[in-house]
Structures are given as C-alpha cells and as structure tokens.
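Student: I'd like to practise reading a structure with you, one feature at a time. Can we start with a single residue and work outwards?

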Amino acid sequence: MKNKGSTTILVITVMLFAVALTMACLALFIKMSGYEITKKEAAPPVAEEEDYALSKIEEIDSLISQSYLKEYDREFQMEGVYRSMLDSLDDPYSRYMNAEELKQLQQGLNNTFTGTGIVFIDRDEDGEDGYMITEVIQGGPASVAGILEGDLILSVDGKTYDTSEELIEALKGNPGSKVDITILRDEEEMTFSVIRGDVTGASVDSRTLSEENLGYIKIRSFGTDTYGLFETAISGFEKGNVDGVIIDLRDNPGGLFDEGVKVADRILPESLVAYTVNKAGERENYNSDSIKTNLKIAVLVNENTASTAEMVALSIKNADAGVLVGTTTYGKGLIQETHVYDDGSAVNLTTNEFFCDGDTKIDGVGVTPDKTVSNPASGHEDLQLEEAIKAIKG
C-alpha cells in the first residue's frame, strides 16, 4: 500500500445511534499535546484584536476569582467554558471530553465496555415503535441470559423509555449488578435477568456459511485490531476455496480511518481508495496496491453504516470490486482529530472531509447500495443477507 505522505493520522469518529449508542463508540487516534490554563490579574484588553477574546476570558476569570461572593467549583466552571467553545461550532462531531469521557471512548475503540452486551436501534426512525436488538455480543451478559438478535426491548426493570439515551442509561450499571430486560419475541413477552459485566468483543467476527459455501465477515467497527483480524479471516477463506465472501458493515459506526483504508486495500486492485481535504484545501490521497483478493465480494450496509465503514463500502462499489446490498448509509464524510491534554481531557475536532471519487459527497448524503433491500421491522428474517448470497451465487 502506498504511503500517504503525512505524519498526521486521521481518524473517523462515529456517532452511535441506536446502541448503537450503547456501543457508541466513536473511534479515535490520540495525538498528545501540552495544555495549561494561564490565570493572571485583571488588566485592560490588549490592543491586538486577535488576542482580545483570550484577554477577556482571563479578565472574567480573575474578576470571579477575586470578587464573587459565594464558593464555586472552578474546575467545573472551566470545563463548561471548554464545552461551550466546542458546542458553539454547531458540529455534532466536534466536542470537549473530560478524562472519564475520553477513557470511555478509548474503551469503545478497543471494543471493551461495561454493560449488557447488546446493540439496539430505535425503530421510531423507521416509523415503527420500540427498540430492536441488532446484535448480542457472544459470551456477553445478555447472550448468557438468552437474549437474541431481533428481540424487541419493551422495558428495563419494569420501566419504559421514550428515547435511546434514556434506555442506554437504564442499561448501564456497575459490574455484578442485575437488570431485568423485558423483550418481545414472536409475539411473546419474556423477561430476562441480566448480570452486568465487562464486555470485550472483537471488532471482526467470521464464519463459514456452509450450505452456501460462502465466507461471512462481520466488521463491528474499525479499531486497532480490525485489519489484522480481517486479514486472518479473508486469508482463511481464500485457502478454503469458498465461492465468495460477504462483508457485513451494517450498524458499523466507523472508527480508525487508516484501518478502513487497509481493509479496502486488501479487496481493491491498485487504485485510489479515498482522499481527504482540509481547511486549507490541501488534499491527501490514500491508495491501494496491486495485492487483492480474487474472491467474489458482497457488502452489506444499512442506515447505521457510517463514516469509515461508508468509505470502505463506496471504494469497493466505485472499483466494481463487490456488490453493495442493503439500504442507503448514514452519511458522515467528515474526519476528526483528537488532541489530548496533560490533565487527561481532550478535544475532538472536525478537520477534514473525505471523498472516494471526484467530488461526490458522502457527508449528509450517504452511499446508495447496488441492490436496495430492507429487512422486516421485526422478527429474525434477514432478507439483506439472502440477497447478498444471491448476488455472489447468481
């Protein structure tokens, strides 16, 4: 694979939905830098316009410190300032994170978290009621309790919730604590007692669809281990003489951009995978080399396929290296860099937009599959997978 000629590693953050907010992991590369708040006595604003805003902040900080009547939490106050600076950008992907939030984000990057081990989507977005479980992490608490993919969550500890955020909070808890999850399965209500615990799931799972003689690779997100696991899986299928491989990117929120490029490179012939453009209009190309798989490829996508996952899907589509099956993807074509400070906090800032061909936008648009297929709103039937099998076998 050709080097891209820059030492800055760019990463895609993901925004999680539906777990999808539970695993709401937005994957990041961490770039270390120094950080210090300088406090000084109140002074008249400096003459230079570019320094006035910082001088004003220092003056207000000093005024409060010296004159405010009541006690206050300065650390909490300053954190509010940092958050406001990022929130004022009106960019859902740029944000300030304290040390604990950054830790959670890093755990998400490594597919490690504390909870029940389920991923769900809010079906209200599709005009249906309820929350449908789209994945149960094998070996996780929910899997051990007997909860299945396709189950509909009705309540948690006997309470119903109007938003995904509220449901996520209800599912959270300390390792070893119990939570009762009531689901609907085939028109029958069932309640499972789940003991929360630490869940570690690999970013890539693979298996053979024996009856079809096809390989199946599920990429949950693009973390630090993704390419290595993907390479192991696809190499095994190449040696196994399967007819083709289905790559499942459904509900994949994105992750490390470079890991996605390496996955795409393994599938594509020598070509442009993607390129990025920054504020100054500077362009960086990400290229694939001539080493590629000869297996037939079908890629599964849906409305929760985002960022790096969209880049991989579109690069495969553009190169005619595989067939895309499913529904139009989320539409996040922006890249963030994360700057970590000495106190453990971080700023995640949108710095680039990526493209896969010409100036065709992904951000706000998404990727349209070659074969549009929707799965039923309830039940366990996977029409998208069936269509992907037909695309390879046919």
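Tutor: Sure. Take Asp342: its relative accessibility is 62%, and since the cut-off for exposed is over 50%, Asp342 counts as exposed. Keep in mind that this is a predicted model.

Student: Where does Asp342 sit in the fold?

Tutor: In the loop that runs between strand E17 (334-340) and strand E18 (346-355). Asp342 also belongs to a negative surface patch, together with Asp73, Glu75 and Asp343.

Student: How do E17 and E18 run relative to one another, parallel or antiparallel?

Tutor: Antiparallel, with seven bridges joining E17 to E18. Leu334, for instance, is opposite Glu353 of E18. The hairpin has five residues between its strands, and there Gly344 adopts a positive phi near 90°.

Student: How should I read the side chains of a strand?

Tutor: Start with the general idea: in a regular strand, side chains alternate between the two faces of the sheet. In E17, Leu334, Gln336, Thr338 and Val340 point one way, while Ile335, Glu337 and His339 point the other way.

Student: Are those E17 residues buried or exposed?

Tutor: All of them are buried, whichever way they point. With seven of its seven residues buried, E17 is largely enclosed by the rest of the structure.

Student: What percentage of the chain's residues count as buried?

Tutor: The figure is 48% of the 394 residues. The accessible surface adds up to about 19000 Å², and carbon and sulfur atoms account for 49% of that. As for secondary structure, the chain has nine helices and 19 strands.

Student: Let's turn to sheets. Which strands form the open sheet, and in what order?

Tutor: There are six, arranged E10-E11-E12-E15-E16-E19, with mixed pairing. At the edges you find strand E10 (204-209) and strand E19 (371-372); each has a single partner strand, so one side of each lacks a neighbour in the sheet.

Student: Which pair could I look at for the parallel sense?

Tutor: Try E15 (residues 296-301) and E16 (residues 323-326), which pair in the parallel sense over four bridges. Within that pairing, Val299 has Leu324 of E16 as its bridge partner.

Student: And how do I read charged pairs?

Tutor: The general idea is that side chains of opposite charge can pair when their charged atoms come close. Here, the structure holds 16 salt bridges. One of them joins Arg74 to Asp61, with the closest N and O atoms 2.7 Å apart. That pair links distant parts of the chain: Arg74 lies in helix H2 (residues 74-87) and Asp61 in helix H1 (residues 49-67), 13 residues apart.

Student: Which class of accessibility does Arg74 fall into?

Tutor: Arg74 counts as partly exposed at 28% relative accessibility. Its partner Asp61, with a relative accessible area of 7%, is buried.

Student: We met Glu353 in the hairpin. Which residue does Glu353 meet in a salt bridge?

Tutor: Lys361, at 2.6 Å from N to O. Glu353 is buried at 17% relative accessibility, whereas Lys361 is partly exposed at 39%. Another salt bridge connects Lys172 and Glu169, where the closest N and O atoms are 3.1 Å apart; Lys172 is partly exposed, at 42% relative accessibility.

Student: Which residues are linked in a network of salt bridges?

Tutor: Look for Lys218, Asp248, Arg250 and Asp382, which are connected in that way.

Conventions: Residues numbered from 1 in each chain as written. Predicted model: local features only at pLDDT ≥ 70, side-chain atom pairs only at ≥ 80, totals over all residues. Heavy atoms only, no water. Patch = residues over 30% accessible without salt bridge, like charges linked within 9 Å, V, L, I, M, F, W, Y side chains within 5 Å. Areas by Shrake-Rupley, 256 points an atom, 1.4 Å probe, with all protein chains shown as cover. Salt bridge = Lys/Arg side-chain N within 4 Å of Asp/Glu carboxyl O. Lys, Arg positive; Asp, Glu negative; His and termini not counted. Charge placed at Lys NZ, Arg CZ, Asp CG, Glu CD. Helix = DSSP H or I, 4+ residues; strand = E, 2+ residues; numbered from the N terminus. Buried < 20%, exposed > 50% of the residue type's maximum accessible area, 1.4 Å probe, protein only. Pairing = 2+ DSSP bridges.
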